[in-house]
Every structure is written in structure tokens, then in C-alpha cells.
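Reader: Please take me through one part of this model at close range. Short sentences suit me, and I would like the surroundings as well.

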Amino acid sequence: MLAGGETVLIAVSGGADSVALLHLLLELSPGWRLRLHVLHVDHQLRAESAADADFVRDLGARLGVLVDVATVAVDRRGSLEAAARAARYAALDVCAARVGAERIAVGHTADDQAETVLMRLLQGAGVRGLAGIPPVRGRIIRPLIEMRRSALETELRRAGLAWVDDRTNRDPKFLRNRIRHELLPLLADSYNPEVAASLVRVAAVARETVSALDLAAGAELDRLAVWSDRAATLKLVALRALPRPVAAEGLRQGAARLGSRAPLRAWAHRGLKRVLAVPAPRRPFRLGGVTVEISGALARLATASPEPLIERTVAVPGRTELPEIGQALEARLVGADAYAIPRETSRVAFDADELGAPLVVRARRRGERFVAFGGSERRLKSLLIEAKVPRWDRARVPVIEAGGTIVWIGHLRRAAAGRVTARTRRVLELALVPLAQPNRPQ
């Protein structure tokens with residue numbers, strides 16, 4: 001948690017846990033060379049909240065620690081507890097940045113851990129939920145997470161330090177309070193006097209399991225993912241060969257690397273596991289600003305859809321750059337004498353005098369049909385699916401039309417129109433080349 005020499009911002013509400021946290025860090029600060037700063041967050045949810053702020057200011061003055069008070073507005077829609085927590089941590093982040101704190105210390109105890117594990121067990125959480133409150137997450141540290149609240153209160157009395165009691169901590173409308181004051185005492189009295197310690201052990205075992213899962217998933221992500229600008233793709237067969245929890249966690253970590261800040265909740269992992277189902281869902285799954293989708297043999301995570309191909313008139317002869325797909329379309333006119341029909345999928349030849357004008361390159365359009373060379377009319381979408389073009393790339397496949405008729409699906413199939421025959425006098429050769437590649441000699 002601490003290496004020594006850090007600036008630590010301490011969240012102090014005025015309750016016993018946070019006062020004990022401040023007291024113990026003050027005891028450690030000389031030997032650990034810690035620079036301490038206190039922030040009290042006034043949520044303005046109780047009439048006495050201003051008095052709590054004054055209590056913390058006075059405590060800081062008595063102990064010789066700088067105290068800031070941040071007054072926040074809490075959104076009362078939805079969960080009041082969650083909204084207050086979000087506002088509190090946002091205020092802590094702002095203050096930590098201002099004072100240059102490397103660590104933010106909060107006063108969760110072993111009792112909080114036991115309550116959290118039991119609450120999540122009742123809610124049907126998985127192993128990640130049962131891991132409870134992490135001792136360290138980013139710069140947030142919880143030095144008291146293995147200490148019982150009763151022991152901390154005993155230490156405060158010994159040190160002659162008072163604290164304030166928040167009456168909302170006894171309000172039965174909150175599930176945590178009912179667990180703290182009703183369910184845990186019942187379990188301790190009737191079933192296991194050490195139930196809190198047992199729940200803390202469950203959290204430790206679950207956390208160890210989750211850590212192993214995270215490491216395995218991260219390694220598989222590094223092995224399988226191909227990264228590009230704002231996206232990553234993975235081969236679906238390799239992803240599905242992994243244990244389902246490892247594959248789902250790998251997708252979550254991939255989304256996080258792309259900037260997703262979605263909370264680690266059961267709904268997120270259920271959604272990621274559904275993505276891996278057979279057959280794959282047609283609709284993409286959204287995870288904190290990152291889209292996770294399956295198409296053909298690939299899974300893709302991305303913050304935005306790939307840029308579609310823009311319609312352009314093709315210069316003949318000349319080079320038409322298509323920067324959004326990293327290619328250029330080269331067009332040249334040559335005599336038919338001794339011309340060899342190209343075999344590469346990136347190059348195609350037409351009878352120049354049989355094609356209409358203008359020559360245009362564009363993206364596909366909904367519902368289009370296409371007559372392939374040597375084939376019958378069919379839907380362009382079906383051709384792209386057969387060619388295993390992922391859904392997200394289909395608007396980037398170059399469609400070349402002449403006089404309003406599709407003559408070539410770039411890299412895939414040419415049309416029947418404009419065939420080079422013995423009567424052809426001029427050949428129009430089209431070639432798709434990487435954008436960085438210069439025009440080849442004429």
C-alpha cells in the first residue's frame with residue numbers, strides 16, 4: 001500500500017473508522033516519512049453535516065494536519081448510497097490532484113468487508129463480487145481493511161480521541177444497515193460467533209481466485225488480440241477455446257485498455273459471456289463506451305465504427321486515394337495488343353470502350369444486387385458474408401461502378417460487364433494498392 005515518502009490524502013468523515021485511520025497514519029508518518037492531508041466531504045444530506053465538517057476541522061487543528069472540506073451535490077435519483085459514493089470519490093480525486101497525493105486512504109474495516117460479502121452473497125454475486133472491497137485499487141488504499149471496528153474504537157478511547165456518530169448508519173431502509181445491525185448479529189449469536197472473520201476469509205480466497213483469473217485473461221489477451229487504432233480484433237475460434245470466464249475477462253480487459261470505465265458488475269460479465277455464445281448474438285454489446293461484437297470468425301472491441309468509404313469519381317488515367325481505408329485506386333489505359341489478363345485479386349481489366357461513365361468508387365448500399373462474372377445476380381451482402389468480410393468492414397469494401405452499374409467489388413469479384421475479348425482495342429486496368437505505395441511505372 002505504502003512504500004514510504006508519499007503524500008497521502010485521508011478521507012475523514014468524522015466517524016470512528018476514519019478518525020482511527022487518521023490517528024494510525026499520524027503514528028506511522030515519522031517512520032514512513034508520510035505527508036498527510038485530510039479531506040472531509042460534506043454531502044449535505046443531513047442537517048448536522050455542517051457540524052461534522054467543523055468537527056473534522058477542529059480535529060485536524062488539534063492533530064496538526066491540514067484539512068479541506070468539499071461540499072458536493074448528490075443526485076437523489078436512483079440509489080442515494082451510490083450517488084453519494086460517486087460524489088465523494090470524485091471530490092477525493094480532485095483534491096488529490098491539487099495537493100499532489102500519490103495515495104488516497106479510506107477507512108474501510110474488516111466489518112465493512114464482512115457486510116459487503118454477505119450483501120453480495122444475498123444478491124447472487126459471482127466470485128468477483130465475493131472478493132469484496134479491494135485493499136488497493138489504483139491509488140485508493142484501505143489500511144484498516146483487516147481490522148475490526150471494535151478494536152479501532154478501543155484504540156480511540158485509549159488515545160482520548162472522540163468521533164461523531166452518523167445516525168443514517170442505523171437507518172433500516174438501507175440494506176447494509178440491516179445486515180450490520182440485524183443479520184450479522186443474528187448469525188453471530190445463533191450460528192457462528194466468528195461469522196465476520198469467516199466472511200473476510202471468503203473475500204480473501206475469492207480475491208486470490210480473481211487475481212489468478214485476471215492474470216490468465218491478460219496473458220490470453222496479449223496472445224490473441226490484434227490492435228489497431230481504437231480497436232482490437234480476436235479470432236473467435238481461439239477465444240471460444242478458452243474457459244468461458246477467462247474469455248469474458250479477456251474481453252473486459254480489452255475494453256478497459258480501449259478506455260472503458262464500466263464497473264466490474266455481474267451484468268457486464270453476463271453480457272460478455274453471451275457475446276461468446278453459439279450462435280453469436282447479432283446485436284453488439286456496449287461496455288462503457290466500447291462496442292463488443294461478433295461477425296464471422298472474429299470478435300471485435302472498438303470505441304467507434306471504422307470510417308466508411310467516401311464516394312469519389314475515379315480519375316482515368318490516374319490515382320484516386322482512399323485514405324479512410326488506407327488504399328488507392330489506380331487506373332490506366334493500355335492497348336489490348338499482347339496485354340496479359342491479371343490474376344491478382346487486387347487488379348482487374350475491362351474493355352474500356354464497353355464501360356459507361358462516370359467511373360465511381362464508393363461503399364455498398366443497402367439492398368444492392370450484383371451480377372458476378374460467370375455467375376447469376378445475387379445480393380451484394382450475401383457475397384460479402386461468403387467472403388467472410390466482418391460486418392464492421394463491409395462499408396469499407398470498395399465498390400466500383402461505371403455508368404451506374406457495379407463492375408468490381410474490390411479484392412473480391414468483378415462483374416460480367418466490360419469483358420476483355422479478341423475485339424477489345426483499349427484496356428482499362430484498375431488496381432487497389434496500399435496508400436503508401438507510389439504509382440508504379442507506366
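Author: His411 counts as partly exposed, because its relative accessibility is 29%, and the class runs from 20% to 50%. This is a predicted model. His411 is found in the loop between E20 and E21. Set aside the neighbours within four places in sequence. His411 is then in contact with Gln327, Thr345, Ser346 and Leu432. Take Leu432. Along the chain, 21 residues separate Leu432 from His411. In space, their C-alpha atoms are 7.7 Å apart.

Now the strands on either side of that loop. E20 and E21 belong to an open sheet of five strands. The order is E12-E16-E19-E20-E21, and the pairing is antiparallel. Strand E12 (312-313) and strand E21 (413-414) stand at the edges. Each has a single partner strand, so one side of each is left without a neighbour in the sheet. The loop with His411 thus leads on to a strand at the edge, since E21 is the strand named with E20 around His411 and E21 stands at an edge of the sheet.

Next, the pairing of E20 with E19. Strand E19 covers residues 399-402, and strand E20 covers residues 405-409. The two pair in the antiparallel sense over four bridges. One bridge can be named: Glu401 has Ile406 of E20 as its partner.

Elsewhere in the chain, a helix deserves a look. H10 spans residues 244-257 and has 14 residues. From first C-alpha to last it reaches 20 Å, close to the 20 Å expected at 1.5 Å a residue. H10 is mostly covered, with 10 of its 14 residues buried. The buried residues are Val246, Ala247, Ala248, Glu249, Gly250, Leu251, Arg252, Gln253, Gly254 and Ala255. Just after H10 comes Gly259, with a positive phi of about 110°.

H10 also meets a second helix, H11 (residues 266-275). The two axes come within 9 Å and cross at roughly 110°. That makes H10 roughly perpendicular to H11. On the H10 side, the contact is made by Arg244, Pro245, Ala248, Glu249, Leu251 and Arg252. On the H11 side, His269, Leu272, Lys273 and Val275 take part. By class, this contact has five nonpolar, one polar and four charged residues. Ala248, Glu249, Leu251 and Arg252 are among the buried residues of H10, and these four also take part in the contact with H11.

Key:
Residues are numbered from 1 along each chain as its sequence is written. This is a predicted model: local features need pLDDT of at least 70, side-chain atom pairs count only at pLDDT 80 or more; totals for chains, interfaces and linings use all residues. Side-chain values use heavy atoms; hydrogens and water are left out. Two strands pair if DSSP finds at least two bridges between them. The expected span of a helix is 1.5 Å times one less than its number of residues. Buried means under 20% relative accessible area, exposed over 50%, partly exposed in between (1.4 Å probe, protein chains only). Axes are lines fitted to C-alpha atoms, for helices over the stretch in contact, and angles run from 0 to 180 degrees between N-to-C directions. Angles under 35 degrees count as roughly parallel, over 145 as roughly antiparallel, 65 to 115 as roughly perpendicular and the rest as oblique. Contact means heavy atoms within 4.5 Å. Ala, Val, Leu, Ile, Met, Phe, Trp, Tyr, Cys and Pro count as nonpolar, Asp, Glu, Lys and Arg as charged, and the others, Gly among them, as polar.
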